[in-house]
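Q: I would like a close look at one part of this protein. Please take me through it step by step.

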Amino acid sequence: MLLRCPLCHGALARRGGSLVCGQGHCYDFSRYGDVHLAPGKRESFYTKALFESRARVFERGIYDPVIAALDEVLGALLPKEKVPVLVDAGCGEGFYTRRTLVGRAMTRIGFDLSKEAVRLAARGGKDASFFVADLANIPLQDGCADVLLDVFTPANYGEFGRVLRPGGLLVKLAPRSGYLRELREAAGARLRRERYDGAPVEDYARQHMDVLASRTITYTRPVDAALAAHLARMTPMLAGIDPLTLDLSQVTQITIDETLLAGTVRG
């Protein structure tokens, strides 16, 4: 078993419909197949509607080029003969957990503090396992992961380094200044920050990683009114703004602008 108890850090084993450690701490599977492994932690402020909109956007293929870049980098860096353990830290509704290296045999595990997101992810099938968890206390044994995905999630490099095996890969995706530019222009002065600079996130990541591969992923895609509305609902960049009050009539395309870094975490 790869999982460990978030309270005592003992190994978790399945016992009937629960995960139980040697100290008797017990975590039940929900009827959806997920498990809550963040006792005492407040839920993420992200809503079910946000994650449902994310799912609709992903279904329309807006982020398919990002998946292609992930697959290219991991395909080059992961040993071909290995069946890897992939961990998605901040998995949301599970898109990246499931879509990365589709067709390759691997153990896929997603963690998120949002119960709503994890339950949406768990409903997608049994090809991956999903857990409510605190990324400052990832309920995994030391050195068990071959790949850890961090997609737009505040990084905890200490925990990431702990759960990755020696030589294991951290893949960090971070937004750049052009990310969702059209939505931010529609919001204008109502934004908390009218300009966005993703460089500090990348610089901080490079301070904690030995980078083996990097990519700049920048492109635009046409969007219709329904897709523009889902994009507005899904992004934390519009936090505090009711998307129903935005005039999205001029948003006919969307810009995706991201940095991908892959490497090992420095000890």
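Which backbone nitrogen does the side chain of D150 reach? Please also describe the surroundings of D150.

A: Start with the contact itself. This is a predicted model. In it, the side chain of D150 reaches the backbone nitrogen of T153, at 3.1 Å.

Now place the residue. D150 is found in strand β8, which covers residues 145–151. Is D150 buried or exposed? The cut-off for buried is under 20% relative accessible area. D150 has 0% relative accessibility, so it counts as buried.

Next, look at what surrounds D150. Leave aside residues up to four places away in sequence. D150 then touches A89, A155, F160, L170, V171, K172 and L173. One of these, A89, leads us to another strand. A89 belongs to β5, which spans residues 85–89.

How do the two strands fit together? Strands β5 and β8 run parallel, and 3 bridges join them. L86 of β5 stands opposite V147 in β8. Strand β5 also pairs with strand β6, residues 107–112. Here 5 bridges join the two, and they too run parallel. The bridge partner of V85 in β6 is T107.

Now follow the side chains of β5. In a regular strand, side chains alternate between the two faces of the sheet. From β5, V85, V87 and A89 point one way. L86 and D88 point the other way. All of these residues are buried. That is 5 of the 5 residues of β5, so the strand is largely enclosed by the rest of the structure.

How far can you trust this region? In the protein, confidence is highest in strand β5, at a mean pLDDT of 98. Helix α6, residues 181–187, is where confidence is lowest, at a mean of 91. For the protein, the mean pLDDT is 93, and 98% of the residues reach 70 or more.

Finally, step back to the protein. It has 8 helices and 11 strands. The radius of gyration is 19 Å, close to the 18 Å that the globule rule gives for 267 residues, so the protein is as compact as a globular protein of that length. Its C-alpha atoms fill a box of roughly 60 × 40 × 30 Å along the principal axes. D150 is buried, and buried residues make up 50% of the 267 residues. Now take the contacts with a separation of 6 or more. Residues 24 or more positions apart account for 65% of them. The contact of D150 with A89 links strand β8 to strand β5.

Definitions and conventions:
Residues numbered from 1 in each chain as written. Predicted model: local features only at pLDDT ≥ 70, side-chain atom pairs only at ≥ 80, totals over all residues. Heavy atoms only, no water. pLDDT = per-residue confidence, 0-100. Helix = DSSP H or I, 4+ residues; strand = E, 2+ residues; numbered from the N terminus. Buried < 20%, exposed > 50% of the residue type's maximum accessible area, 1.4 Å probe, protein only. Pairing = 2+ DSSP bridges. Polar contact = N/O pair within 3.5 Å; in protein donor to acceptor, adjacent residues only side chain to side chain. Contact = heavy atoms within 4.5 Å. Rg over C-alpha atoms; globule rule 2.2 N^0.38 Å.
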